[in-house]
Every structure is written in structure tokens, then in C-alpha cells.
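Student: I would like a close look at one part of this model, taken slowly and set in its surroundings. Please walk me through the part you choose and how it relates to the rest of the chain.

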Amino acid sequence: MSSEAPRASRIGLAGLGTVGAGLLELLRAAPDYAPDGRRIEVSGVSARSRSRPRQADISMLRWFDDPVALATAPETDIFVELMGGSDGPAKAAVEAALCAGKPVVTANKALVAEHGLELARLAEANGAPLLFEAAVMGGVPAVKLLREGLVGDGVDSVSGILNGTCNYILSEMEASGREFADVLADAQRLGYAEADPVMDVGGFDAAHKIVILAAIAFGGAPNFAAAEVEGIEAVSRLDIQLAAELGYRIKLIASAVREAQGARVQVAPALVSLDHPLARAGGALNALFIEGRRTGRLYIQGAGAGAGPTAAAVAADIADVAVGTVRRPVFQRPAEGLVRLMPGDAEATMSKVYLRLVVRDRPGVIANVSEALAKASVSIDSFLQHPVGLTGLVPIVLTTQAASAGAVRDAVEHISALDAVTERPRTIRILRG
Ligand SMILES: NC(=O)c1ccc[n+]([C@@H]2O[C@H](COP(=O)([O-])OP(=O)(O)OC[C@H]3O[C@@H](n4cnc5c(N)ncnc54)[C@H](OP(=O)(O)O)[C@@H]3O)[C@@H](O)[C@H]2O)c1
């Protein structure tokens, strides 16, 4: 057996922003990190602006104005897409690379969540791997864990904290007692949140990620259109305080639950019991809780973003392709015949719920609320009332026993119709323990 390292693998790198620069730095520091000792070299680069000052010296690298030309260039062994965006140049270049039979590594969750099935078909038809470890949880190898480590198990559910910006904002709201808008403005000033924060605080970034995890966990095609998405904009300081009094912390939880015919994929704020591991992932951390049929409960946590962690995940995929260990379908089953995961009846979904109302202090009001709940067949689990304030208004918090989404909606309608209730009750689901 020869002890010589195999021929170098050459990557065409499109995107030289946070992650692209992180990857160039990783390759500069350790070009031979691949397990068989081969060098990973950069054959060409592409980005929007050639003249933009960059951390890394790219003067010796071949420049491509057009990422599609880079993707299909003869010297590109592996195309690495780090531009972002579900459509436009990222999609065009990834498609072109796959059509040319070139392996693709991407960190682009929007692209994979929204066009995963078409791309998987293209990849498999052309015998080209398509890998995206960095697209979910940055440096935490969640995709590998589900795709490889748990392939012998049946995963029943995956739930996690998949957006660091939201987790940071909620953690800060809790620690400082400030409102959402105030903390968001600070986070934008400090660079923890984008100038346009909608993708993050609206829950869409987390939705892209959980849609991808659901596809891998349950062996289906990603179905972004079927995900139910609610962000953290309506989470108030009052709800955070009241939840804490009841022994919970409010987190933006992305969850995918296997159902008889498909899966329910949801992103929404949830009350997480303080003794649940997901409650302990603070700041900008990402965390994932998996329930496997045989493996039981698994928990992983780590840096979900940032140049170093994300580049390390990209580098792991590049090494897998270069060394030749990738032989599996993109989403656990051959793309031909893969079905988009569809949710069952949302109305029938059972969960415990936190219900917060503000009422005028009047005799009989508690009895009226209890009656309204009973009429909808929703049972109370716990109850919290604060002393009457100067305004004569009292916040009341109930947690319910497990009830169907339909029954909770009926209960909210009945309660809203009561004279003493001043605003529509706020409901937040409680994550199963
Ligand atoms: N940042 C993270 O921590 C992180 C974590 C996980 C996954 N990701 C994913 O990784 C990808 C890259 O993220 P990033 O944070 O590195 O983004 P970024 O800092 O905004 O960098 C984007 C890069 O792509 C180039 N680019 C953008 N639009 C282009 C276009 N139309 N044509 C050619 N080049 C274009 C930009 O060129 P210029 O430099 O010339 O402007 C820039 O170099 C995204 O899919 C993102 O979702 C990021």
C-alpha cells in the first residue's frame, strides 16, 4: 500500500462573506485536514464584488464573475455554495454544478428547504452528492447525527432552538425585563441581529432548518410550504415573567413530529419547563432534542452560527465528498418516489397550553372563565392570579391539561366573549416534558 496522500481535491468557492471567509481561513490553517491527508485547494472563487476589501488574500485565486461558470469549470472538483438565498445565483449555480455531475456542498438552508426535492432528484440523476451539514445548527453536526447515527432507529420527534438571534433576544428579555422591540434594537446595534430581522424573528430561518431536519429524520421531501410558522414578535415581558412564576421559560421552538401519514412541522414560541434541557440553552446557542424509538432521548447543543463553527461543518462535508464516503440518497430515501411530508389534522393536535387573560376585577369572573373552558371541554391544570392593580385590571394565567388545538380555539372564543375580559387571551403552547 502506498503511503502517499491522494491527489488534492479542488473546490470552487462561491460566496466570500462570513462563512466563505471562515472556510478560507480554515483551509489556510489546515489544508490537509481531510482524513486521508489529501490537500483541499481552492481552484476559483466568486462573489458579488471583486473589488470589495476582504479578510483573506484572494489575489492568487482565479476570480469568476459568474458563479455558474465557476460551478461548471473543469478545474472545480467540488462546488461550494456560500452565497445564500433560496433562488437567484445560488440556485442557478447549484443546479448547474449538479447537472455537470459535480458534488455540491452548501450552507444554504433556504435553498435546501424550499427546493430540496428538485435538487435531490438532480443530484441523484447525475450521481453527484449534495451535502448541507452547515445549513442547520452551524457547527453542530445535527444532519450527520440524524442521517447516519440514527439511521437504525425510528425518530419520533425532533425539537430544538434553531435560531440564535431569537434565543439571544428572548434570553435578554428575561434577564433584563425589557420588551421585545427594545432588545431587538440593541441586538441590531451589537450585530447579533440583521438590519432586516424578519427572517430570524419571524421564525422563517428556524422553519427552513426544521423542515430540513424533518425530511432527514422521517425520510421524506422537505415541505416548507406546509410548515406552521410564528415568530417571537408578540412575546411580551409580562408573558416571560408569568411563565417564570409557573416554572417555565419561553423559547422559540422548532418542532417536527412524526404522524401516521407524514409529519407536523411547526415553529412557535413555547413554554419550556425549567427542568427540560432546552430551557438551559441560553444566549445565542442552538440546541436539539431528539426522541428515538430505541435510542430514547438525545440532546445536542452548540454554536449555531459564526464563521468558525459554520466553516468547520462545510469542511466536514467537503472531506466526506473528497474522501468518497458519500453514497447515500440526499434525504434518506431515493429522490424518485420521495413524498413531501404533509401534516395531519392540525385541529386534532394535542398539547398543554398557557392561557393569559386580563380581566376587570368583578365577582364571578373566575367562575365565568372556568365555565367557558368547560364548555370547550378544556380542563385546567394550574392557575395563577396577581393582586388587583391600580387600574382595576388583573392578569390571570391558566395552564390547561392536554387539549386539542380545536378545543383551545373554542375556549378562547368563549372567553373573549365574556364582558369582564378586556383583550383576546394570549395562548402559548407548552412543550411536552
Ligand atoms: N453566517 C452564519 O453564521 C451562517 C450559519 C449557517 C449557515 N449560513 C448560510 O451560509 C450562507 C452564507 O452566509 P454568510 O453569513 O456567509 O453570508 P454573507 O456574509 O452575506 O456573504 C454572502 C457572500 O455571497 C456573495 N453573494 C451574495 N449575493 C451574491 C450574488 N447575487 N452573486 C454572487 N455572489 C453573491 C457575497 O458577495 P460580496 O462579498 O461581494 O458581497 C458574499 O461574499 C447562507 O446561505 C447562510 O444562510 C450562515
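Tutor: Let us take the second largest pocket of this predicted model, whose lining draws at least three residues from each of domain 2 (142-303) and domain 3 (347-430). The domain assignment divides the protein chain into these two and domain 1, which spans 9-135. The centres of domain 2 and domain 3, taken over C-alpha atoms, are separated by 26 Å, and the contact involves 20 residues from domain 2 and 12 residues from domain 3.

The pocket itself has a volume of about 990 Å³, and its lining comprises 40 residues. Nearest its centre lie Arg264, Gln266, Thr349, Ser351 and Arg429. Taken by class, the residues of this lining comprise 17 that are nonpolar, 10 that are polar and 13 that are charged.

The charged share of that lining can be set beside the walls of the largest cavity, where no charged residue appears and the classes are 7 nonpolar and 1 polar. This cavity, with a volume of about 60 Å³, belongs to a structure that holds 1 cavity of 30 Å³ or more. Its lining is made up of Val211, Asn223, Ala226, Ala227, Ala263, Val265, Leu341 and Pro343. Asn223 is the polar member of that group, because asparagine falls outside the residue types counted as nonpolar or charged.

The ligand offers another setting for comparison. Its surroundings consist of 21 residues, with Leu16, Val19, Ser49, Arg54 and Gly306 coming nearest, and this shell divides into 9 nonpolar, 8 polar and 4 charged residues. Several polar contacts can be followed atom by atom: a polar backbone atom of leucine 16 is 2.7 Å from an oxygen atom of the ligand, while for glycine 17 a backbone N or O atom lies at 3.1 Å from a ligand oxygen. Arginine 54 contributes through its side chain, in which an N or O atom is 2.8 Å from an oxygen atom of the ligand. On its own the ligand has 890 Å² of accessible area, of which the protein covers 79%.

To return to the pocket, then, the picture is of a lining of 40 residues to which domain 2 and domain 3 each give at least three, with nonpolar, polar and charged residues numbering 17, 10 and 13.

How values were computed. Residues are numbered from 1 along each chain as its sequence is written. This is a predicted model: local features need pLDDT of at least 70, side-chain atom pairs count only at pLDDT 80 or more; totals for chains, interfaces and linings use all residues. Side-chain values use heavy atoms; hydrogens and water are left out. On a 1 Å grid over the protein atoms alone, a cavity is a set of points where a 1.4 Å probe fits but cannot get out, and a pocket is an open set with protein on both sides within 12 Å along at least five of seven lines; lining residues have an atom within 4 Å of a point. Grid points are joined across faces, edges and corners, and a volume is the space filled by probe spheres set on the points. Domain bounds come from an automatic or database domain assignment. A residue is near a molecule or strand if one of its heavy atoms lies within 4 Å of it. A polar contact is a pair of N or O atoms within 3.5 Å; within protein, one must be able to donate a hydrogen and the other to accept it, and residues adjacent in sequence count only if both atoms are side-chain atoms. Accessible areas come from the Shrake-Rupley method with a 1.4 Å probe; for residues, only the protein chains shown count as cover. Contact means heavy atoms within 4.5 Å.
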